[in-house]
Amino acid sequence: MSLAQFLIVIGNTTQRNMCLRLLSLVLWAALVQVSQTNVYISPPKAFMDGDVIIGILSSVHSTIDNLQGRVRPEEFTCSNFDQISFVRMLAAIYTIDSINEANFLPGVRLGYAVYDPCADATKALHSVEQMLSTNGSLPVMDDYSEFRPQVKVIIGARYSLLTIPVAKLLSLYLFPQISTTSSAVVLSDKLKFPGFLRVIPSDVYQTEALVQLIRHFKWNWVGLVSMDDDYGKGVHQSFLKDAEDAGVCVAYEHVIPHYLGHAESEQRIKEVARKIQLSDAQVVMVILRPELVKMLFEEMIRSNTTRVWIASDAWSRSTDVATMKDINKVGDILGFNFISGKITGFEQYLQNLPIGPGVRNDFIVEYKQKDCPADSPEVCSKPNADYLVKNTDLPVFYGERLREKLQKVNFTLDGKTHFFNEDGDFENGYDVIMWEPDGDHRRAEVKGNFTIQPREVVVNNHDIIWTSTPNNTIPVSRCSLPCPPGSSKKVFNVSCCYSCTLCIEGYYSDRSDEDDCHRCPKDTWSQKGWTKCEPRTVKYLQWSDPYPIALLVGVGVGLLLLIIVFVCFIVYRNTVLIRSANLLMSCFMMVGLAVSFGSVVLFMGEPSIHLCRAQQTMYALGFTLCVSCILVKAFRTFLAFMVFDPVRHHRLKKIYKPLIIMILATSVQGLVCVFWLIYDTPDVDQTPPSNQSMIHVLQCTEGSNVGFGVMHGYIALLAFICFLLAFKGRKVPQDFSETGIIIFSMLIHLFVWLCFIPIYITKNESRPIVQASAILVSNYGIIFCHFIPKCYRAIWGKNTTERILRRLRP
């Protein structure tokens, strides 16, 4: 809580009384330690006497002249007036004056002593020695329990670089030190720094917040520039760890000497600027002092290079950087700063800069004279009253208590509870800062926040104006473009640099930038590059599909033709034509064809083991029965041909037993089917579909290829025997023989099944359709060769008998 903000809460009686009691208790404890009045031999440049003196370390100057050339322990000479530190010092003085004027502590007056360490650790230690000295000397003791310096608490310094050595020195005395800006992680170590407290979070939270901010904008390829002091090293290492945990890759790391007068600083900054320019990382994390940031930005402006700059708390509200020439040319700037608020009445104080009676403040005098023309000193008497208000980011300054009392402080301000944790840090989070153009300069605007409980970055993207990209689009900074859903990352040497590989069959990814594709759940599958898995489509000959309907029509027409043929043969059974066709064998042929047609129907619908067995067995027995009947007819024709060889004719006639031949020929096929069904029966094909297919074809497998081949081979053998017998008897007069139709029908059958063999061997998914089609063609071949012509001649033929007898006469 700021000392000035005590004035805000005094309007509420309860809060006023609480504040007064707390402050009274703390300052009473401090007064007990005051045993004597000390005289400053070399007073500080800003001093106000009081009952309790508060020491303030404020680097109003940012540079020590010729530090490298310093060979004797002479007085330091400082330069480069730092306006931000100056205003922070004024905030502390204003707060102390406000407490005194409000008479919070009746009878007790606060004083202050401001020392300027000039942003140098060595001079900061010298300043602390002056604060703690008594009559110009600092006693050396074994036991400092009774040590009573006039300064009771030290506030500062601004930079961790200075705060760390000061805190080490003060740990000897267990002297309370309060910082409002030093965020180095190491300062949370109470073993090393038992007297140090701060009203801001540790950098351990800042780097986590910075990484979350980077991830919020989907950046994963960033540069890192830091300085070589304790603060820079701590933030650097903490950022690397948090970035790795969050999957953010650092494209490069560069370290710059923190001392502004270092001989290599300028050259090193030019080298870093060139490397930033050459890198494809569009986002740069910068952990530097404002003076170094200005030097770096000057190089960026000179090379016309724009980037997105992520500012650490060390410069995220730097007015010097925000007002530098051509600052709008460097690109977008955003980062974090400690949660802040306004100090009531402080703006009016800055407009007047009063110096009260008995008060010394050489810094105010220097500020009013720093731009005075040498020949016109009267100009300095009336400085621009609004300059500091308009050109400085006004701070929140916390006044503080002694170490043992501070650790117990717990209060509510602006609806939030504030207290020191066990490491002596506040956990009040950060503001997300975005630097927006303001004419030729920039101004820091709050665009969100990072809360420590829970640890979460909240940014209002709609309020952000991006200047480095067209159409106000969010800049892109990635080593590789995001891998779209359906692919995964193939990482190179750095985790953020990768190529995209499509997910293989059976795997999927449904989000961008997946490290690996996921295996499809059971009973689902995916094609290459798919974003989800789906159940495979089960495919078989559906009754409603076009081709099965065509097959069923073919079966229906075939059965209808068989019925017509049967009726015709019965009606004209007494004619010479029908009697010569052997009515009994023809009827058995029709039965076999009907069974064969029935097997085609079993190819439709979802297959099962019983259907698979039945369709093959029905075709085998049905068509074998038909062909065995044709064999009887062919044998009879062959006997007619052998009539001219009585001896051989007599021998062959003895074995011409039509029913026995038909039964034996069909029985052999029956035995083949029995052995086939016993040893390796046809079944539903359980072979999984290929990886490239989303269709699971359900069809019957033949079981044993031997059984399937023997079955078809036996039918082909019978057909071939029929063909040979008919071919031998082809000279028999056609009116009495069926040699021509037997030859032609058997050739059709053999040709059809020869065409079927290559398809069967390749195990094509269309095998059921092809086999069913082959059965239909074979059946129709026999119907149109053996039956339809006879029916035609029986119905529409005239004087058939006479013509036959006439041809037989010599």
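A residue is termed buried when its relative accessible area is under 20%, exposed when that area is over 50%, and partly exposed in between. The structure described here is a predicted model. By the burial criterion, lysine 489 is buried, because its relative accessible area is 17%. Lysine 489 takes part in a salt bridge with aspartate 515, in which the side chains meet at 3.1 Å, N to O. Aspartate 515 is located in the loop between β22 (507–508) and β23 (518–519), while lysine 489 belongs to strand β20 (residues 487–491), so the contact ties together parts 26 residues apart in sequence. Aspartate 515 has a relative accessibility of 47% and therefore counts as partly exposed. The pair thus combines a buried lysine with a partly exposed aspartate.

The structure contains 19 salt bridges. One of them joins the side chains of arginine 158 and aspartate 82, with an N to O distance of 2.9 Å. This pair links distant parts of the chain, 76 residues apart. Arginine 158 is found in the loop between β6 (151–155) and α5 (160–170), and aspartate 82 in the loop between β4 (78–81) and α3 (83–102). Both partners are buried: arginine 158 has a relative accessibility of 13%, and aspartate 82 has a relative accessible area of 3%.

Another salt bridge is formed by lysine 329 and aspartate 326, whose closest N and O atoms are 3.9 Å apart. This separation satisfies the criterion for a salt bridge, because the cut-off is set at within 4 Å. Lysine 329 is partly exposed, with a relative accessible area of 45%. Aspartate 326 is likewise partly exposed, at 29% relative accessibility. A network of salt bridges links Glu436, Asp438, Arg443, Glu445 and Lys447.

Arg443, Glu445 and Lys447 of this network fall within the residue range of strand β18 (residues 441–451), which pairs with β19 in the antiparallel sense over four bridges. The two strands are joined by a hairpin of four residues. Within this pairing, asparagine 449 has valine 458 of β19 as its bridge partner. Strand β19 (residues 456–459) presents two faces, of which the covered one carries Val457 and Val459. The uncovered face carries Glu456 and Val458. The bridge partner of asparagine 449, valine 458, therefore belongs to the uncovered face of the strand.

Covalent links were examined next. A disulfide is a covalent bond between the sulfur atoms of two cysteines. The count of disulfides comes to seven. Among them is the link between cysteine 249 and cysteine 496, with the sulfur atoms 2.1 Å apart. The link is right-handed, with 85 degrees about the S-S bond. Cysteine 249 is in strand β10 (residues 249–256) and cysteine 496 in the loop between β20 and β21 (498–502), so that distant parts of the chain, 247 residues apart, are connected. Cysteine 249 counts as buried at 6% relative accessibility, and cysteine 496 is buried with a relative accessible area of 2%.

A further disulfide joins cysteine 503 to cysteine 517, at an S to S distance of 2.0 Å. This link is left-handed, with -80 degrees about the S-S bond. Its two ends are 14 residues apart, with cysteine 503 in the loop between β21 and β22 and cysteine 517 in the loop between β22 and β23. Cysteine 503 is buried, at 1% relative accessibility. The loop between β22 and β23 that holds cysteine 517 also holds aspartate 515, the salt-bridge partner of lysine 489.

Cysteine 612 and cysteine 700 are likewise joined by a disulfide, with an S to S distance of 1.9 Å. The torsion about the S-S bond of this pair is about -80 degrees, so the disulfide is left-handed. Cysteine 612 is part of helix α18 (residues 609–641) and cysteine 700 part of strand β27 (residues 700–701); the link connects distant parts of the chain, 88 residues apart. Cysteine 612 is buried, with a relative accessible area of 0%, and cysteine 700 also counts as buried, at 13% relative accessibility. Cysteine 587, in contrast, is in no disulfide. The nearest cysteine sulfur to cysteine 587 is that of cysteine 629, 9.6 Å away. Cysteine 755 counts as partly exposed, with a relative accessibility of 39%.

Definitions and conventions: Residues numbered from 1 in each chain as written. Predicted model: local features only at pLDDT ≥ 70, side-chain atom pairs only at ≥ 80, totals over all residues. Heavy atoms only, no water. Buried < 20%, exposed > 50% of the residue type's maximum accessible area, 1.4 Å probe, protein only. Pairing = 2+ DSSP bridges. Disulfide = S-S within 2.5 Å.
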